[in-house]
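Trainee: Please give me a close look at one part of this model, and then follow the chain outward from there.

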Amino acid sequence: MIRLENVTKTYGENKNALDNVSLHIYPGEFVFIVGDSGAGKSTLFKLLIKELEPSSGEIIINGQPLVRMRRRKIPMLRRNIGVVFQDFRLLKDRNVFDNIAFAQRAIGISSDREIQKNVSDVLKLVKISNKYKSLPDQLSGGEKQRVALARALVNKPKILLADEPTGNLDPGNSQIIMGILEEVNRRGTTVVVVTHNHEIVRQMNKRVINLKNGVIVNDIQEGGLAR
Ligand code: ADP
């Protein structure tokens, strides 16, 4: 589902941010990527969403090599990957419904009825249906992240990538977000979460890939930290 083969990323003349990393994430897995600041987590994340290109190596997602991918194939890649960020990245001047509907229109769905159905389904999944008319500024951090999750999920991606999704949230809201991610994974989506939050990683008991200085130092199948 996600495969990295000997991936190296160097920024300018610096040392390698990722150093010859090989990694395989299988369909239906739930994987945490952890590591101290500067370990290479963001670099890996940006490579997966094709925001960066590797200096060398191959990245294959859903059977498609990302390096040298033809431009016309990129929308299809993005359609199959839902992305969530620490800082939510909602459109401030649109309400919850429109933020999520935007993602549907971006992939060419134009039927209002279809959009209405899909947005309503995904709002139920993230348990925030009553707030569909609110603007982002009227929501708490936890609610904003649930809307961001709904937006990432509305196109039914095969893979969900989350970069520090609980980074701005208190423990209670972090639990809620993790519960939703677990449900999404249970329904068949492959989930990859980059995080600093050791407490959550410990609780969730999933595969943990530990990066240090651009290298995978640990890849443990279940609950890899502090056992
Ligand atoms: P993490 O997300 O684990 O904190 P990063 O992927 O952001 O780690 O960084 C890995 C290494 O790459 C660090 O040494 C960092 O300083 C360096 N780095 C990250 N982004 C850039 C950049 N745009 N230019 C130069 N160096 C960078």
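Mentor: Begin at the boundary, where 13 residues of domain 1 are in contact (heavy atoms within 4.5 Å) with 12 residues of domain 2. The model is a predicted one, in which local features need pLDDT of at least 70, side-chain atom pairs count only at pLDDT 80 or more, and totals for chains, interfaces and linings use all residues. Residues are numbered from 1 along each chain as its sequence is written, and side-chain values use heavy atoms, with hydrogens and water left out.

Domain 1 consists of 1–80 + 158–227 and domain 2 of 92–156, with bounds taken from an automatic or database domain assignment. Their centres, taken over C-alpha atoms, are 24 Å apart. The two domains bury about 1,100 Å² between them, 73% of it on carbon and sulfur atoms; buried area is the accessible area (1.4 Å probe) lost when two parts are put together, summed over both. Zero salt bridges (a side-chain nitrogen of Lys or Arg within 4 Å of a carboxyl oxygen of Asp or Glu) are counted between domain 1 and domain 2. One residue pair is in polar contact across this interface, both residues at pLDDT 80 or more. A polar contact is a pair of N or O atoms within 3.5 Å; within protein, one must be able to donate a hydrogen and the other to accept it, and residues adjacent in sequence count only if both atoms are side-chain atoms.

On the side of domain 1 that touches domain 2, helix 6 (residues 171–186) gives the most, with seven residues. Helices (H or I, at least four residues) and strands (E, at least two) are DSSP runs, numbered from the N terminus. That side of domain 1 divides into eight nonpolar residues, one polar and four charged. Here Ala, Val, Leu, Ile, Met, Phe, Trp, Tyr, Cys and Pro count as nonpolar, Asp, Glu, Lys and Arg as charged, and the others, Gly among them, as polar.

Away from the boundary, take L18 in strand 2 (residues 16–25). L18 is buried at a relative accessible area of 0%, where buried means under 20%, exposed over 50%, and partly exposed in between (1.4 Å probe, protein chains only). Beyond its neighbours within four places in sequence, the contacts of L18 include V7, K9, T43, L44, L47 and L211. V7 is 11 residues from L18 in sequence, and their C-alpha atoms are 7.0 Å apart. T43, L44 and L47 are also among the buried residues of helix 1, a helix (residues 41–48) in which six of eight residues are buried.

K9, in strand 1 (residues 2–10), is a charged residue that counts as buried at 11% relative accessibility. Outside the four-place window, K9 contacts L18, T43, L47 and E53, among others. From K9 to E53 there are 44 residues in sequence and 7.8 Å between C-alpha atoms. E53 in turn forms a salt bridge with K50, with 2.8 Å between the closest N and O atoms. E53 is partly exposed at 36%, whereas K50 is buried at 14%. K50 follows helix 1 and has a positive phi, near 60°.

Most residues other than glycine have a negative phi. N62, in the loop between strand 4 (56–61) and strand 5 (64–65), has a positive one near 50° and is partly exposed at 23%. K156, in the loop between helix 5 (141–153) and strand 7 (159–163), also has a positive phi, about 50°, and is exposed at 60%.

The whole structure has 14 salt bridges. In one of them, R68 pairs with E58 at 3.2 Å between the closest N and O atoms. R68 sits in the loop between strand 5 and helix 2 (74–79) and E58 in strand 4, 10 residues apart. R68 is exposed at 65%, and E58 is partly exposed at 24%. Another joins K92 and D137, 3.1 Å from N to O. K92 lies in the loop between strand 6 (81–84) and helix 3 (96–106), and D137 in the loop between helix 4 (112–125) and helix 5, 45 residues apart. K92 is exposed at 57%, as is D137 at 54%. E29, R207 and D219 are linked in a network of salt bridges.

E29 also appears among the contacts of T190, which include M1, I25, Y26, K158 and N185 when residues up to four places away are not counted. T190 lies in strand 8 (residues 190–194) and is buried at 0%.
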